[in-house]
Amino acid sequence: MDHHHQHHLCYSLQECFSAVESKISHSNHPQGRPANRYKYIINGNVVIEHSPGLSGPGKSASVQIYSSTEIDPNTRKGKLSGKACLKHGKSSKNDGTKITTYKIKLHVEPGFGNPGAFVIENNHKHRFFLQSATLVTPENKVIHFDCRSWVYPIKNTKTSRVFFSNTCYLPSQTPASLVELRKEELHTLRGDGTEERNEWDRIYDYDVYDDLGNPDKGPDHVRPVLGGSHLHPYPRRGRTGRPASKTETINLDTYVPPDERFSPKKLSEFIANAIQATAHSLLHEAKSLFHDSSTFDSFDEIQDLYADNRSKVMKGMVTMSMKKLLPAELAKEINHVSKQDHIKFPLPQIIRGDELVWSLDEEFGRQMLAGTNPTRIRCLRKFPPQGSFITQSAIEHNLDDLSFEQAMKQWRIFDLDHHDYLLPFLRRINSESKGVCPCASRTLLFLRNDATLKPLVIELSFPDPNDNDEIRTQVIFPAEEGTDRALWQLARAHVAANDSAYHQLISHWLHTHAVVEPFIIATRRQLSVMHPVHQLLDPHFKDTMHINALAQSILINSGGILEMTLFTGKFSMELSSELYKEWRFDEQALPTDLLKRYMALENPGIPTGAHILFQDYPYGLDGLDVWLAIKTWVEDFCDLFYEDDESVKSDTEIQAWWSEIRNVGHGDKRNETWWCQMTTRRELTQTLSTLIWIASALHASVNFGQYAYAGYPPNRPTLCRKFVPEEGTMEFAEFLKDPDKYFLKMLPERLQATLGIALMEVLSRHTSDEVYLGQRPTSEWIDNDEVKQKFEKFTNSLQQIEKKISERNRDPKLKNRWGPAKMPYRLLHPDAKKVENRAGITGKGVPNSVSI
């Protein structure tokens, strides 16, 4: 050792001895202790939810808090406390989920003020799910932080996480100590638009749907890019930065920003529910579960699908096969959930009372008003529909003693139109989809005095079997019995197949899931979590980006479940792009939608501005009540933060948000003149009400009734494998021989039908962590008593709606609310105050968000 190092070592040791001596002397003489920089203590709790099989962070995680009132002149941010590790974790089980509450003790300088944010650093090897944090100041002021987010190890993220308290501020009212943090956080969330995303990145950016196809598997798996072109416009999705080509496994770990991911418990439940649905699309072994024949030979065979023994065999096989296909961490989740034995096909509600009730024409009409797709029917104002071969003389004898002119004048003729938008696709589907017989359809119905809908006629257009370039048309009328009745049932099956595809691709996927995603991305990128509108919207975005990412891997991709089960096949998503051309955000508000479809009359004198055409339209009537409750709540909320139109115009974050939605998120529609300018309070409240309506009530109405109606393939087949036969053909002779057998051969084959049933079951299930309209995950979601009072008013108004819905369902005059199938309409029953966990197929409850 050289002299220099020896001298340095001695000097250091000498320093140490002096420090120890000084410490000993100070401990003997308290008066002599130097002033401690941190004299005050802020205590708190941090609550963490565990992933199955992963330990909690404990002392490997540390917290510091920022003052919301005192600025550090060096950083221009709030003063920072000392660090505190998570200690003394107390664990408990909440409905099967392990929750650990850690205590923290933070030392702060005198005059630190109130905490406004905290920063947490994870030095543990695993991520953890941070539910919430609570801090108590020396003056006993309690400050809440509603976190609900994954916190990843700092070795991955290279930076700590910031969480802001539940107090919200418009940008111009942000405390000076939090201004820089607010800007920094938003800047971080926007990223720079480059590179592939890692699981731990918290970055929100836009992309087109460029990965639906899988060209590596061959030309049959090439799909057009949706979004970014005049030919195929589409809402944007979240950017992952991943290359478009795929592997053969189901990719359930597509990048989703951590704040948008399912909680550990929901992930487990989702996998348990999805085991059957996803496996069928992949596993050749699944075919061994079925008979040699690909067609159902009798209605009894369809009933057998709902037997418990079949489900158990299927479940065991599928679970084993899924484990081979999934990433290791998800395989662990499967182990965890496969011990729970609740996977089976329950009997769909449509056949619980009477196995044949679905075949009644009254039930067929009722489902257009109260079924799983009640948003397409319209009152016909011009006859005949453009290009139709239906004549007045063909239907006027069937209008219950009204003349045709009277029926039109009284707005009594209705139209379920699945015709013109499908025509351009028919030839392509016919030539490229093996075994599918595609038709476009128009169904006209008459509104009877008891407000039930009586079908009048079905018009089918289809490619000529001998010349694919020619389109043929059949006009088929209802009949009570015999051959004509059987032909009518076949025509109805084609209508149901059209409606099923429209429902799944447009009413459900496009009009809720896909259109909401750009709003989520813009909200995270442009509205700080401190912004009141962010606080208002946040619960309505829960799990949507994650479920959409899973849909891209399983449902809407080439060879995915929707292509396998719907008659539109490989053209399914292209069709949804074609119908996005007609989509207008301003027409998604329920009153506007009803007026456009002539299902309501304009009435500026009532709060909704629209008077329902007839009371016994369950979706329309209940929907207007829920719409008004949402709109009133949004107006009450915004009035507390925006005093006039100028305060909306001058809100820099709201203006950036709206600009990004119009120009980027829905950028293919940036030149449309119907977008509002966002310069008034009225425009803001109408926009927010519409967005919340779409994410909550509209989605609930088209999603949670699926199993009840479509879980039984004869009621809502997703495709037809035969055309309606014409007299003089071989098919007609086959049909005459055994009409029932012909109908069964027309239905999807066993594999498709079973896959469709499994999908309906998964989509119709509520998970146990669902948060319903009128609820928040915590009572301390916002630090503002006036807002909480207005929210309580909202919850109470939803409870009043629940009572109204129950009363309507008891009214014998309202026949469409039960119908021949005896299924009460409860899809818009909010379930606002229920606190118990009700997982499963309940057929009611309006979750806050598009969460499945």
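**Exercise 1. Classify Asp259 by its relative accessible area, then find its salt-bridge partner.**

*Step 1.* Asp259 has a relative accessible area of 28%, so it is partly exposed. The classes are buried (under 20% relative accessible area), exposed (over 50%) and partly exposed in between, with a 1.4 Å probe and protein chains only. Accessible areas come from the Shrake-Rupley method with that 1.4 Å probe, and for residues only the protein chains shown count as cover.

*Step 2.* Before going on, note that this is a predicted model: local features need pLDDT of at least 70, side-chain atom pairs count only at pLDDT 80 or more, and totals for chains, interfaces and linings use all residues. Residues are numbered from 1 along each chain as its sequence is written, and side-chain values use heavy atoms, leaving out hydrogens and water.

*Step 3.* The partner is Arg202, with the closest N and O atoms 3.7 Å apart. A salt bridge here is a side-chain nitrogen of Lys or Arg within 4 Å of a carboxyl oxygen of Asp or Glu. The pair joins distant parts of the chain, 57 residues apart: Arg202 sits in the loop between helix H3 (176-190) and strand E11 (206-207), and Asp259 in the loop between strand E12 (237-238) and helix H4 (264-280). Helices (H or I, at least four residues) and strands (E, at least two) are DSSP runs numbered from the N terminus.

*Step 4.* Arg202 counts as buried because its relative accessible area is 14%.

**Exercise 2. Which parts of the chain do Lys804 and Asp625 link?**

*Step 1.* Start from the salt bridge between Lys804 and Asp625, whose closest N and O atoms are 3.5 Å apart.

*Step 2.* Place the two ends: Lys804 belongs to helix H26 (residues 785-810) and Asp625 to helix H18 (residues 618-641), 179 residues apart.

*Step 3.* Check the cover. Lys804 is partly exposed at 37% relative accessible area, whereas Asp625 is buried at 17%.

**Exercise 3. Are Arg237 and Asp211 buried or exposed?**

*Step 1.* Their side chains meet in a salt bridge of 3.8 Å, N to O.

*Step 2.* Arg237 lies in strand E12 and Asp211 in the loop between E11 and E12, 26 residues apart.

*Step 3.* Both Arg237 and Asp211 are buried.

*Step 4.* For the wider picture, the salt-bridge count comes to 59. Asp146, Arg148, Glu260, Arg524 and Asp538 are linked in a network of such bridges.

**Exercise 4. How many residues of helix H16 are buried, and what do they pack against?**

*Step 1.* H16 spans residues 572-580, and eight of its nine residues are buried.

*Step 2.* Among them are Met573, Leu575, Leu579 and Tyr580.

*Step 3.* The buried residues of H16 pack against helix H11 (423-432), H12 and helix H15 (561-565).

**Exercise 5. Locate Phe477 and say how far it is covered.**

*Step 1.* Phe477 is in the loop between strand E17 (467-476) and helix H12 (482-526).

*Step 2.* Its relative accessibility is 34%, so Phe477 counts as partly exposed.

*Step 3.* With Phe389 and Val475, Phe477 forms a nonpolar surface patch of about 280 Å² of accessible area together. Patches are made of residues with over 30% relative accessible area and no salt bridge: like charges are joined within 9 Å, nonpolar side chains (Val, Leu, Ile, Met, Phe, Trp, Tyr) within 5 Å.

Key. Contact means heavy atoms within 4.5 Å.
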